[in-house]
Amino acid sequence: MGMKPTDTSDPEYFLKVVDCQHACPAHTPVPDYIRLIAQGRYTDAYMMNRRSNVFPGILGRVCDRPCEPACRRTRVEDEPVAICRLKRVAADHRDEVKHLMPDVMPKNGKKIALIGAGPASLTVANDLAPLGYDCTIFEALEKPGGLMISNIPSFRLPEKVLDDEIGYILDMGVKLKTGHWIDSMKSLLDEDYDAVFVGSGAPKGKDLSLPGRDEASDNIHIGIEWLESVAFDHIEEIGKKVLIIGVGNTAMDCCRTSLRLGSDSVKVMARKPREFFKASPWELKDAEHENVEIIVNHSPKAFVTENGKLTGMTFELMEYQLDDTGRITDTKVTGETTIPCDDVILAIGQDNAFPWIERDIGMEFDKWETPVVDKTTFESTRKGVFFGGDAAFGPLNIIWAVEHGHQAAISIHKHCMDEDVTDRLPRGLNLETAKMGPNEWSYSNDYDDDARSDMPEVDLVERFKTLDVEVELGFTAEQVKTEVERCLNCDLQTIFTAPACIECDACIDICPVNCLTIAENGEEADLRTRLSAPAENLDQALYISADLPNTARVMVKDEDLCLHCGLCAERCPSAAWDMQKSTIFLPHADDERAAIASRRAAE
Amino acid sequence: MTSIKKPLVDKHLPKNRQGLTLRDYEGVASTLCAGCGHDSITAAFVKAFHELDLEPHRAAKVSGIGCSSKTTAYFLGQSSGINTVHGRMPSVATGAAAVNPDLHYIGVSGDGDSLSIGLGQFAHAIRRNLDMLYVIENNGVYGLTKGQFSASADIGTRAKYGEVNEQSPIDPVRLALTLGATFVARSFSGDKEQLVPLIKAGLMHRGFAVIDVVSPCVTFNDHAGSTKSYAHTYKYYHPVVHADFVPEEMEITADYAAGEAITIPVHSGGEVVLRKTPDSHDPRDRDAAFDLLKDLDGPEIPTGLIYIDESRPEMGEMNNIPETPLNAIDHSKLCPGSDKLKELMDGYS
């Protein structure tokens, strides 16, 4: 009785060990490209990134970074590796990459319509254009990029970076029709497209209907619409005193943009305490660094007007009771206050909106009026119509949109080839020893205890001079050098061969984080308490060996804290432990194409 | 030897009452062969000292010559230690213990250092009941000179290159019992659950505590035909008694059914608690200890606390050695001056 030996041929097992790659929606092989950066191979690092996430330069600045909170380093010390910043290093220092873009195959006669030129549609085009698809992107605005251009201010994401990376895709022969608003899905379907992809985002900013809303409407702005107007130079100034309602990432962009349009007092008003903020911690930090005040426990009650003009806003003062798990159990209003202001920007969320999709064309909508979309294939209930990005399941982020695009591209290819869209290539795994000689490895295995580097920035005077001064300067060479060494190389796996083990305990004694134990096998819950250090992080797996030859006990490794330093393998007298580089194969549309082609050739 | 130092990552490690983690009890990186049993024993010392909440500078580590004798550098890096002449560690330890009985003396020796060149020293340290923990890291070969049989090699055991041993072995456990040792135990580098409590009890025992630890030589004596290999030891390893060490502040509660536990108070505080095994050996009975070793003749390796006697005085008590270290005694007391000398001399006239 007890746990079964871990199946080390399962790609999912080792993908989960590489915390950053696992957490990335597009599963970017982070340690791989960090090692390339360490070798100064920026172009290779860029292209490796591009394969997974298509927009390394953009994401290296403004990604939501799900990889960083997941980084193993946060469990070993406090701060994760600055993964996002290193991605930007690859983009900043790359050489010309145009010639490295995939070759475009002869046209295959299939036509795809893509609605909205955001990251989801662009990714679909990026994956399908090289396979010979005739892709046409329809965009309502004057420029491509979707929220990346309309909502992310240029002081965070310069237009040049967007132009370059969108350019690589358009240069593959993708047609872009800007200023082209699709107002009827029905008539689009009547045209001769083989498939339609909807990547139109979640374009409807939420409003706040409180007393005074209509009267003061000249000075009340919907966050995402306001940012778009700024991006396209339709708005060039704002009042001196601005209140931002809401405390997500859009709110952070609104407050920092206000500062650059002439406002000298910006307050972000939050209904709840800080631990409930939706904004990324680093975006909060950046805003506060620019002297934006974030005020908690203020719930909007009314807009105050004088002679039909906004003069302030009234808030209820809130008090919350929290339980041990941090959940709100009780809410109390303790008073009221009015804060004077010239303008209010509402950044309290956004919704999908599909007024242009007829409801009688065989596409099911759910009770929230959003289309029913399959989570794997991204196909709607109407064959040949696919969704991705915020249009699919509501607001997420760029990197999710990219992954949706990759998966939808696979589906579109299968659909156009008359194949079953649900029958997709499985993920694969390659393990290759990292041993180069006695105690010599193909990676830098020593642990580096350097702290995370801070991003150098333009000073607090210079950055406000124009709207498009990019605040972050990128890492210096010295910072790159230390930051790459902070990566623990979690894709260098500890692989154990039970029959070779002589049970000498050498690995257990040398392990710097006590993650190894030889123990009697047992049920997982019990085994977790009997290890060298109790395995309390249930999110992390236990690696269980086959029975050991001498005592029929098992080798147990708690994947939680492993530094991937390889000391177990260096200390093992019988090479029962080896460090092996795991590479996860994650199929894209071109892999599916190759698989279908070779299968058909064989038939 | 490993290519990198063991990284210091201890955020997650529990702290003992000194506020220290296990890592604070380590020494420099081991240069022994990967897989050496000795490194496991080193780890057991680290664990025992940490669990006893002792300050890591409160030990004196003494050793002779050999692979085992190198290991004193690999634990308790904040304590002093000395590598003495081959086989002469007990003399140096005797001198050190006489002038400073305040430290925990840890002698680490091997089967060559203790049973060949240093056998006489070993025997006399037992007679003196020197207050120290004496660990023999026993692998049956001279590892440092490339694997010749040592005095503990069993008859019939085969060397790495084929030679068979015909000379009878010296068993340090039986020898120590015969010489009147007051704490005799045997263990195995591969069983820290047994070894760590034995080290703790040995450190707290009053008098000479010897633990013979089978510690396979992974390079020269870990092949088929060896009686000191990992495989052989795992196969014939036979725990006859399980001894835990419980410090005096702690209550004995866990794991013992009422009436089952035998407790033996030790001089320095705390108790050795014996858990019953199918063999039910009582280590307070010297005759039973001899019988146990006799009855288990053959390939079986009896392990555990074989014998303990807390009643005998140790060297300091026998010789009226002051408990205060000499370096803490006032100079006028240590050297009373010529007047006192004259007084003494006059006494003989």
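Let me start with helix H18 of chain A, whose buried residues pack against three other helices of chain A, namely helix H3 (30-38), helix H7 (73-76) and helix H8 (83-92). Please keep in mind throughout that this is a predicted model.

Helix H18 covers residues 477-486 of chain A, and its buried residues are Gln479(A), Val480(A), Glu483(A), Val484(A) and Arg486(A). Seen down the axis of H18(A), these buried residues fall within an arc of 145°, so they line one face of the helix. As general background, an α-helix has 3.6 residues a turn, so residues three or four places apart point the same way. On the face of H18(A) that is turned away from the buried side, we find the exposed residues Ala477(A) and Glu478(A).

Now to a sheet in chain A. It is an open sheet of three strands, in the order S20-S22-S21, and the pairing is antiparallel. Its edge strands are strand S20 (516-519) and strand S21 (542-544) of chain A, each of which pairs on one side only. On average, neighbouring strands of this sheet are turned by 25° against each other, if we ignore direction. Looking at one pair in detail, S20(A) and strand S22 (residues 554-558) of chain A are joined in the antiparallel sense over four bridges, and Leu516(A) has Lys557(A) as its bridge partner in S22(A).

Next, a single residue, Glu336(A), which sits in strand S12 (residues 328-340) of chain A. Is Glu336(A) buried or exposed? The answer lies in between, because a residue counts as buried with 20 or more other C-beta atoms within 10 Å and as exposed with 12 or fewer, and Glu336(A), with 13 such atoms within 10 Å, is partly exposed. Leaving aside neighbours within four places in sequence, Glu336(A) is in contact with Lys301(A), Thr314(A), Phe315(A), Glu316(A) and Leu317(A). Of these, Phe315(A) lies 21 residues away along the chain, yet the C-alpha atoms of Phe315(A) and Glu336(A) are separated by 5.7 Å.

Finally, I turn to where the two chains meet. How many residues does each of chain A and chain B bring to the contact? Chain A gives 28 residues, and chain B gives 21 residues. On the side of chain A that touches chain B, helix H19 (506-510) and helix H21 (567-571) of chain A each supply at least two residues. The residues on that side of chain A divide into 15 nonpolar, five polar and eight charged.

Terms used
Residues are numbered from 1 along each chain as its sequence is written. Chains are lettered from A and ligands numbered from 1 in the order in which they are written. This is a predicted model: local features need pLDDT of at least 70, side-chain atom pairs count only at pLDDT 80 or more; totals for chains, interfaces and linings use all residues. Two residues are in contact if their C-beta atoms, placed from the backbone, lie within 7 Å. Ala, Val, Leu, Ile, Met, Phe, Trp, Tyr, Cys and Pro count as nonpolar, Asp, Glu, Lys and Arg as charged, and the others, Gly among them, as polar. Two strands pair if DSSP finds at least two bridges between them. Axes are lines fitted to C-alpha atoms, for helices over the stretch in contact, and angles run from 0 to 180 degrees between N-to-C directions. The arc is that of the directions from the helix axis to the C-beta atoms.
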